Amino acid sequence: MAARNSGNHLRLYLLGGILLCWCALICFRLVYLQIFRYGDFEQRAQHQQQRTIDVSAKRGIIYDRAGHELAMSVQVDSAFAVPSEMPDLPGTIALVSRITGGDARMILADCRAHKTFCWIARKADADVIDRLKALNLQGIHYQKESKRFYPKREMAAQVLGYVGTDDAGLSGIERQYNDRLQGAPGSMVISVDARKKWFGRIEKEPEPGDNITLTIDEKIQYIAERELDQAMKDTQAIAGTVIVMNPHTGEILALANRPTFNPNNRKEIRNEALKNRAVSDIYEPGSTFKLVTISAALEEKLTNPNEVFDCQMGSIVFNGMRIRDSRPHGLLSVTDVLAESSDVGAIKIAMRLGEERFYRYIRAYGFGQQTGVELPAETRGLTKPVNRWSKVSIAAISMGQEIGISALQLAGLISTFANDGVYVAPRIIAASTEPNSPIQHVAFHPQNEHRVVSPYTAAEMRQMMRAVVLHGTGPKAALEGYTSAGKTGTAQKVDPATGAYSRTKYVGSFAGFAPVNNPAVTVAVILDSAVGLHQGGQVAAPVFQRVTQQVLEYLHVPHDMELPANRQVWLAQQHKVKDSDLDETSPDHLGSALELAEANLPDADAPRPSDNHKPAEKPSAGSSANPVMHASLRTQEPVAPPLQTPPPPAPVAAPARTNGMVVLDVEQGGIEVPNFAGKSVRTALELAEENQLELSPVGSGLAREQSPAPGTHVAAGSRIVVKFER
């Protein structure tokens with residue numbers, strides 16, 4: 001009996017030990033799972049039941065200079081799916097895809113990989129969302145998101161750029177200033193409970209981005225784009241660019257490109273339409289580059305506007321290669337060399353200048369380097385340092401070959417002459433402000449400005465460029481009630497198939513400013529591969545005329561010329577100009593086609609000018625008269641001789657500020673310029689002050705010459721250059 005009890009106790013002890021060990025194992029397992037593996041299982045549960053998605057912040061608004069919205073963000077619905085709620089996942093996705101136009105297989109694979117959340121239509125159009133809501137599908141839900149919207153559609157599309165589905169900037173200002181515009185994204189947690197019901201909560205609120213104000217004027221941009229569209233239709237060009245600038249501050253008032261795109265329709269955007277040709281495209285400037293050649297020679301006192309050159313009936317042999325003008329020219333003054341766009345005359349002037357000095361001026365005008373404008377993908381152009389110039393490079397470059405520039409660099413060159421010889425880097429950003437901040441008054445200050453030529457040389461160039469419009473290759477740029485000045489350019493394109501110059505593809509250009517004596521705007525027009533008429537004076541100058549005329553009227557710039565008594569007669573006179581008289585393209589080319597080259601600033605001092613070409617003697621009066629230009633026009637605006645000593649730079653009046661934007665300050669009417677002839681410096685200063693004009697005296701003694709001429713109507717505060725001699 002005792003042995004039986006002992007055996008029972010042993011079995012009880014054994015069973016108790018087993019139960020104790022089992023309980024210990026369970027406790028150990030619970031401790032292991034609840035404590036040591038807690039984090040791992042929590043992550044698994046969250047992965048199965050929760051998903052964190054980014055909530056994009058409201059991007060900052062992009063304004064024009066007057067506070068008009070060019071790019072903004074609006075709240076739209078986005079559709080997403082909770083796959084665990086769908087009784088028929090493949091069928092539902094197939095039905096949804098037919099409405100949204102998405103790839104059903106990709107959406108289905110995404111839904112199977114994420115049981116709690118899957119996007120099916122992000123930032124879709126309102127009609128798509130309405131059709132989805134009408135189906136009332138189980139497992140389809142909606143979330144408000146911020147979507148980029150461009151209220152002006154194609155206006156300034158290459159400047160503004162566009163954004164992707166995730167609101168990241170992909171081109172233009174949207175890309176360049178993406179960090180400022182996009183703000184800081186928030187986060188939202190989507191959870192599914194045991195009953196497969198979802199709920200979401202905002203874990204972190206998004207922070208909106210900064211607002212950006214451009215120097216662009218919506219109205220001027222519209223004018224530029226409308227006239228560019230008309231020019232593209234008239235000429236059948238493959239591409240075109242129009243730039244409107246304030247020459248005194250460098251503000252870009254309009255920048256239009258064609259072809260273009262609607263940033264609201266991302267799926268329809270073509271790659272060729274995305275390019276901002278004004279800052280990214282490189283082309284040979286052709287005859288517009290003669291402005292660099294001639295202004296450099298004037299500044300170096302190597303010639304003057306009245307000196308006459310023998311253009312050898314439009315033909316010259318340079319280093320064994322013959323260069324011909326578009327038509328025969330005999331004796332031409334420097335003014336007429338520019339007006340008639342003589343390659344022979346430009347080559348002779350460049351030879352006096354010399355390679356080193358010529359290259360210094362090329363760099364001083366901003367060529368071969370980026371302007372620094374706040375736009376992506378800006379080119380610096382194509383230039384060669386002097387040590388890589390061939391024996392014919394100086395001749396080729398003097399007439400705009402063997403060098404590549406952008407349209408924006410051309411506008412900067414023209415603005416330098418309009419701004420009394422001071423180069424001002426172009427700018428397109430006026431200000432950046434924090435979200436929800438009150439309207440601020442923003443003062444726009446020019447940046448990176450430097451003097452290239454003296455005020456007097458700039459005044460000479462303005463009058464010579466005026467002659468281009470009066471009796472040269474640019475009469476179609478003449479304005480109604482305003483004086484205008486500029487330069488035409490026509491350059492053959494390089495055929496990529498052969499590497500040689502094409503005989504059928506040209507780039508026609510015209511760049512100028514108005515009014516001549518107190519420029520308010522600079523306008524550059526580039527048309528690529530026009531069909532039929534292709535010369536700059538034939539296709540680009542009329543666009544300049546239409547754009548500039550409307551912009552000046554919009555800015556209320558006072559007329560500096562009397563309006564024609566009969567507008568129809570004036571228009572008929574403009575149409576009398578023969579297109580054949582505007583031809584300026586040389587049939588010959590020096591050197592090879594445009595090639596890639598580095599551009600470095602020369603460290604050595606400038607060489608002495610060449611003595612191979614001496615000034616030609618002036619012919620008798622009337623021998624160089626141009627048959628297209630009336631003598632009365634030639635005497636109304638005399639070209640002043642060069643300065644012996646450059647005057648100090650004069651300050652440029654700051655533009656007015658209103659509503660946080662920079663606007664041009666102009667007066668209605670105009671002031672008649674008095675006659676300073678025979679007056680002393682002190683008397684002239686007093687007379688200028690009485691008439692609310694700014695005098696730039698040159699020399700000492702009595703006044704002999706002045707620019708602009710007496711009787712010209714200019715705005716208050718305009719600068720009058722007067723030369724004094726003893």
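## A tour of the predicted model

Start by selecting W119 and R122: R122 lies over the face of W119, 4.7 Å from the ring centre. Keep in mind throughout that this is a predicted model.

For another contact of this kind, pick K133 and Y142. The charged end of K133 sits over the Y142 ring, at 5.3 Å from its centre.

Now colour strand 5, residues 140–149. Seven of its ten residues are buried, so the strand is largely enclosed by the rest of the structure. Add strand 3 (residues 69–81) and you'll see the two run antiparallel, joined by ten bridges. To get your bearings in that pairing, click on Q75, which stands opposite S146 of strand 5. While you have strands on screen, remember that side chains in a regular strand alternate between the two faces of the sheet.

Move along to A156, in the loop between strand 5 and helix 6. Its phi is near 55°, a positive value in a residue other than glycine. Is A156 buried or exposed? With 4% relative accessibility, A156 counts as buried, since the cut-off for that is under 20%.

S341 makes a good companion stop, in the loop between helix 13 (334–339) and helix 14 (343–353). S341 isn't a glycine either, yet its phi is positive, about 55°. At 2% relative accessibility, S341 counts as buried. These are worth a click because most residues other than glycine have a negative phi.

Next, the aromatics. The whole structure holds seven aromatic pairs. Show Y162 and F261: their ring centres are 6.2 Å apart and their planes are at 75°, so this pair is edge-to-face. The pair links distant parts of the chain, 99 residues apart, with Y162 in the loop between helix 6 (157–160) and helix 7 (172–176) and F261 in the loop between strand 10 (252–258) and helix 10 (271–274). Both Y162 and F261 are buried.

Stay in that second loop, between strand 10 and helix 10, and select P259. The peptide bond from R258 to P259 is cis, with omega near 5°. For another cis bond, jump to S707 and P708, where omega is also near 5°. P708 is in the loop between strand 25 (702–707) and strand 26 (713–714).

Back to rings for a moment: select F358, Y359 and W389, which ring pairs link into a cluster.

Finish on the surface. L15, L19, W22, I26 and L30 make a nonpolar patch of about 490 Å². L30 is in helix 1 (residues 2–36), and at 46% relative accessibility L30 counts as partly exposed.

Note on methods:
Residues numbered from 1 in each chain as written. Predicted model: local features only at pLDDT ≥ 70, side-chain atom pairs only at ≥ 80, totals over all residues. Heavy atoms only, no water. Buried < 20%, exposed > 50% of the residue type's maximum accessible area, 1.4 Å probe, protein only. Helix = DSSP H or I, 4+ residues; strand = E, 2+ residues; numbered from the N terminus. Pairing = 2+ DSSP bridges. Patch = residues over 30% accessible without salt bridge, like charges linked within 9 Å, V, L, I, M, F, W, Y side chains within 5 Å. Areas by Shrake-Rupley, 256 points an atom, 1.4 Å probe, with all protein chains shown as cover. Salt bridge = Lys/Arg side-chain N within 4 Å of Asp/Glu carboxyl O. Phe/Tyr/Trp six-rings, centres within 6.5 Å; stacked < 30°, edge-to-face > 60°. Lys NZ or Arg CZ within 6 Å of the ring centre and 35° of its normal.
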